[in-house]
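User: I'd like a close look at one part of this protein, along with whatever surrounds it. Please walk me through it in one go, in plain bench language.

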Amino acid sequence: MTKALLRILMFCDNHRDFQNRSCLAYFLSKCNNLLYNSYFKKYSLIFAAIMDTSLKNKFDSIIFDLDGTLWDSTANVALAWQNAIAKVDYLNEEMTVERVRSITGMTYDSIFDKLFPTLTIDQRKEVQKLCAISELEILHTKGGELYPQLEETLKYLGTKYKLYIVSNCQNGYIEVFLDLNNMHPYFLAHQCFGTKGNPKADNIKDIVNDHELKAAVYVGDTMGDYNAATQAGVPFIFASYGFGVVPDGMAATADSFSSLVELL
């Protein structure tokens, strides 16, 4: 059994992904008696390295989602969309914060397909256009709610990592966040659905490839974020303080934005 364990240790030492280390840690916790085996002790340094699940110094860059990760703009987006749909005579609906949060993370086109499935294609396009214009107008003046200690945390992370944003929002939305809150100094680049109409996974890949990132990690708050990061081949940190639920598969969980300081 010791030889089999050694093979696992050596394999995981050469393939240090988070899942291998987590599985091995669980396995070893059930085999504490083997720690006294002299043959196993010979490889204690390998064991210690594999058991180190810290994320510090594992990455060269962090790519952030925006809504539910860096800020919460849902109240003012709901207000903007309510103003927009009031301009058409074929809709009589209330746009609540809960409805806006229910579609957070979806691509901008998909949002209006879900919210207004009974409209014709032309009507839906008209409503989407009106909402997009109203959204940027309202946010330019009212903005969104930044998560606590956002700037201090970004300032710290920026000393260790290259920082980026990838969101499924419309073109101009990230710029509002950056302009209104003087966040330009902290981020090297950003990408969104509105730029090329590409899904988030492709936009994450673009950031990684365009900026020659070697070890990026994505921070987001929804299953859509997790799936996009996974498809892009990038580890995922779940922002549990945001809007969504991600049951498993993440490299770590951040229960507040400032907790990234301890994680990374």
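Analyst: One term before we start: two residues are in contact when they have heavy atoms within 4.5 Å of each other. Also keep in mind that this is a predicted model. I'll take helix α10, residues 173-180, as our part, and work outwards from there.

Here's the setting. The protein chain has 14 helices and eight strands, and 47% of its 264 residues count as buried. If you take contacts between residues at least 6 apart in sequence, 66% of them join residues at least 24 apart.

Now to α10 itself. Tyr173, Ile174, Val176, Phe177 and Leu178 are its buried residues. Phe177 also turns up in the largest nonpolar core, a set of 58 residues, where Phe177 is listed with Phe64, Trp81 and Phe187 as having the most contacts inside the core. A second core, of 19 residues, lies apart from that one and includes Ile63, Tyr164, Tyr218 and Val246. As a general point, nonpolar side chains in soluble globular proteins tend to be buried together.

Which helix runs alongside α10? Take α8, residues 121-142: its axis comes within 9 Å of the α10 axis, and the two cross at roughly 10°. Because of that angle, α8 counts as roughly parallel to α10. On the α8 side, the residues that meet α10 are Glu135, Leu136, Leu139, His140 and Lys142, and they face Tyr173, Val176 and Leu180 from α10. By type, the residues of this contact come out as five nonpolar, one polar and two charged.

Glu135 deserves a moment. It sits in helix α8, and with a relative accessibility of 3% it counts as buried, because the cut-off for buried is under 20%. Outside its neighbours up to four places away in sequence, Glu135 touches Val77, Ala80, Trp81, Tyr108, Gln170 and Tyr173. Tyr173 on that list is an α10 residue. In sequence, Glu135 and Gln82 are 53 residues apart, yet their C-alpha atoms are 9.8 Å apart in space.

Follow Glu135 to Trp81 and you are back in the largest core. Setting aside residues within four places in sequence, Trp81 is in contact with Met95, Val100, Ile103, Tyr108, Ile111, Phe112, Leu115, Cys131 and Glu135.

Next, strand β5 and His190. His190 is in β5, and it counts as partly exposed, with 30% relative accessibility. Apart from residues up to four places away, His190 touches Ile165, Ile174, Glu175, Leu178 and Ile207. Ile174 and Leu178 are among the buried residues of α10. His190 and Leu163 are 27 residues apart along the chain, with 9.1 Å between their C-alpha atoms.

Helix α9, residues 150-158, is another part of the surroundings. Its buried residues are Leu150, Thr153, Leu154 and Leu157. Those four cover an arc of only 100° around the axis, and therefore lie on the same side of α9. The face turned away from that side carries Glu152 and Lys155, which are exposed. And what covers the buried side? α10 is one of the elements that do, and β1, β3, β4 and α14 are also included.

Leu157 leads on to Leu264, which is in contact with it. Leu264 lies in the segment after α14 and is buried, with a relative accessible area of 0%. Besides Leu157, and not counting neighbours within four places, Leu264 is in contact with Leu55, Lys56, Phe59, Ile62, Lys160, Tyr161 and Ile237. Tyr161 is 103 residues away from Leu264 in sequence, but the two are 9.3 Å apart, C-alpha to C-alpha.

Finally, what happens just after α10? There, Asn182 takes a positive phi of about 55°. Most residues other than glycine have a negative phi. Asn182 belongs to the loop between α10 and β5, and it is exposed, with a relative accessible area of 57%. Glu212 is another non-glycine residue with a positive phi, near 55°. Its place is the loop between α12 and β6, and Glu212 is exposed as well, at 60% relative accessible area.

Definitions and conventions
Residues are numbered from 1 along each chain as its sequence is written. This is a predicted model: local features need pLDDT of at least 70, side-chain atom pairs count only at pLDDT 80 or more; totals for chains, interfaces and linings use all residues. Side-chain values use heavy atoms; hydrogens and water are left out. Axes are lines fitted to C-alpha atoms, for helices over the stretch in contact, and angles run from 0 to 180 degrees between N-to-C directions. Angles under 35 degrees count as roughly parallel, over 145 as roughly antiparallel, 65 to 115 as roughly perpendicular and the rest as oblique. Ala, Val, Leu, Ile, Met, Phe, Trp, Tyr, Cys and Pro count as nonpolar, Asp, Glu, Lys and Arg as charged, and the others, Gly among them, as polar. A nonpolar core is a set of buried Ala, Val, Leu, Ile, Met, Phe, Trp, Tyr and Cys residues joined through side-chain atoms within 4.5 Å. Buried means under 20% relative accessible area, exposed over 50%, partly exposed in between (1.4 Å probe, protein chains only). The arc is that of the directions from the helix axis to the C-beta atoms.
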